[in-house]
Amino acid sequence: RSSRMKYYTIDKLSTLNQNKKKLARFAVIGNPVEHSLSPQLHQPALDDLGEDARYIRVEVKAGQVYEAFQKLYSAGIHGINVTVPHKLEALEACDIVDPAAQIMGAVNTIVFDQDGKGTGFNTDGPGFARAIREEFSVASKFEGRGPAHAAAMAASHCSLSSSVPAPSSQLQSKKIWKERSLSVGRALTSGGGLSGSCSSGM
């Protein structure tokens, strides 16, 4: 690893903001997490908003999510994004869970309040509906019925099973998800529904 860390581990969080002009305030956790593109996506947004904050990666092993939440908040982190394989464990580690996240049975976003209590959200359902609308210029059949309903539809039709083989490359991953999105979009725009359009074996 280079002298400029690509990610932190939870035992190194006490040094998170030492000798840093811009403080780390947001993070993505996962295992592995080094590949995550979240910093490249969110750091420019923070900069554009004039937020004097860093967005970092933190590697967290299974069974350590609750501990990671406590240490991240103590280190000054305000919010967390969650990637695989921690979305289920993160749900259990939250103090409060948004209804849409409860329906999906997983969280991918945690916001800490001033007392350190974490509220968990799942943006996959609403994001799914928005992606369909923007990509195909149509409203899906569940749009407008609330984020919880969108979450339920996305979860029931497009959940990824643990049997899905890991893509061998980032390019293959993008290809898989593009094919998946196109399949869903065709089903929605044709009026044929989503049944079978998001096979977990893709």
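How many of the residues of strand 3 (residues 53-59) are buried? In this predicted model, in which residues are numbered from 1 along each chain as its sequence is written, local features need pLDDT of at least 70 and side-chain atom pairs count only at pLDDT 80 or more, while totals for chains, interfaces and linings use all residues. Side-chain values rest on heavy atoms, with hydrogens and water left out.

Strand 3 is mostly covered, with seven of its seven residues buried (under 20% relative accessible area, against over 50% for exposed and partly exposed in between, with a 1.4 Å probe and protein chains only). Both faces are covered, with Ala53, Tyr55, Arg57 and Glu59 buried on one side and Arg54, Ile56 and Val58 buried on the other. Helices (H or I, at least four residues) and strands (E, at least two) are DSSP runs numbered from the N terminus, and two strands pair if DSSP finds at least two bridges between them. Strand 1 (residues 8-9) pairs with strand 3 in the parallel sense over two bridges, and Thr9 stands opposite Glu59. Strand 2 (residues 23-30) also pairs with strand 3 in the parallel sense, over seven bridges, with Leu23 opposite Ala53.

Aromatic rings of Phe, Tyr and Trp (its six-membered ring) pair if their centres lie within 6.5 Å, and planes under 30 degrees apart count as stacked, over 60 as edge-to-face and the rest as tilted. By this rule the count comes to two aromatic pairs. The ring centres of Phe69 and Phe112 are 6.2 Å apart and their planes lie at 85°, so this pair is edge-to-face. The pair links distant parts of the chain, 43 residues apart, with Phe69 in helix 2 (residues 65-74) and Phe112 in strand 6 (residues 109-112). Both Phe69 and Phe112 are buried, and together with Tyr73 they form one aromatic cluster.
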